[in-house]
Amino acid sequence: MNIFLDSNAFYKDPFLIKGKNRILLSLAKHDDVKIYINETVYEEILRAHKNLLETQIDIISESFAKINTFLEMANQKFE
């Protein structure tokens with residue numbers, strides 16, 4: 001059996017470890033089941049994951065900037 005994956009399978013579970021995606025990985029362990037991802041879908045998955053990571057990094061950076069202000073004030077009180 002050949003299974004062709006679309007990028008929708010990866011958006012919220014890029015490592016295929018949740019729900020039905022886990023079943024796909026189990027199926028792939030059988031010799032008669034092959035999972036395929038075409039190059040366009042692969043590039044789309046990489047782009048979407050990169051965007052997700054960049055968004056999360058921006059959120060972390062903003063949070064750090066907010067916290068850092070308080071840390072600097074606390075540090076000045078102890079000096």
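Student: What pLDDT does the protein chain average, and what percentage of its residues score at least 70?
Tutor: Heads-up: this is a predicted model, where local features need pLDDT of at least 70, side-chain atom pairs count only at pLDDT 80 or more, and totals for chains, interfaces and linings use all residues. Numbering starts from 1 along each chain as its sequence is written, and side-chain values use heavy atoms, with hydrogens and water left out. pLDDT is the predictor's confidence in each residue, from 0 to 100. The protein chain averages 85, and the percentage scoring at least 70 is 91%.

Student: In which element is confidence highest?
Tutor: Elements here are DSSP runs numbered from the N terminus (helices are H or I, at least four residues; strands are E, at least two). H1 has the lowest confidence, with a mean of 84. At 88, the highest goes to S1.

Student: How many aromatic pairs are there, and what kind?
Tutor: Two rings of Phe, Tyr or Trp (its six-membered ring) pair if their centres lie within 6.5 Å; planes under 30 degrees apart count as stacked, over 60 as edge-to-face, the rest as tilted. The count comes to one pair by that rule. The centres of the Phe4 and Tyr36 rings are 5.0 Å apart and the planes make 20°, so this pair is stacked.

Student: Which strands does that pair tie together, and how far apart in sequence are the parts?
Tutor: Phe4 sits in strand S1 (residues 2-4), and Tyr36 sits in strand S2 (residues 34-36). The pair therefore ties together S1 and S2, parts whose separation in sequence is 32 residues.

Student: Is Phe4 buried or exposed?
Tutor: Take the cut-offs: buried is under 20% relative accessible area, exposed is over 50%, and partly exposed is in between (1.4 Å probe, protein chains only). Its ring partner Tyr36 is partly exposed, at 35%. Phe4 has a relative accessible area of 62%, so call Phe4 exposed.

Student: What is unusual to look for in phi at Leu16, and is this residue buried or exposed?
Tutor: Leu16 sits in the loop between S1 and helix H1 (19-28). Its phi is near 55°, a positive value in a residue other than glycine. The relative accessibility of Leu16 is 9%, so Leu16 counts as buried.

Student: Which residues does Asn21 touch, beyond those up to four places away in sequence?
Tutor: Asn21 belongs to helix H1, and its 13% relative accessibility makes it buried. Contact means heavy atoms within 4.5 Å. The residues touched by Asn21 are Ala9, Asp13 and Leu16.

Student: And which residues is Tyr11 in contact with, leaving aside neighbours within four places in sequence?
Tutor: Tyr11 is in the loop between S1 and H1 and counts as partly exposed at 41% relative accessibility. Its C-alpha is 22 Å from that of Lys29, 18 residues apart along the chain. The contacts of Tyr11 are with Glu44 and Ala48.

Student: Which residue forms a salt bridge with Glu54?
Tutor: The rule asks for a side-chain nitrogen of Lys or Arg within 4 Å of a carboxyl oxygen of Asp or Glu, and the count comes to one. Both partners lie in helix H2, four residues apart, about one turn of the helix. With closest N and O atoms 3.5 Å apart, the partner of Glu54 is Lys50.
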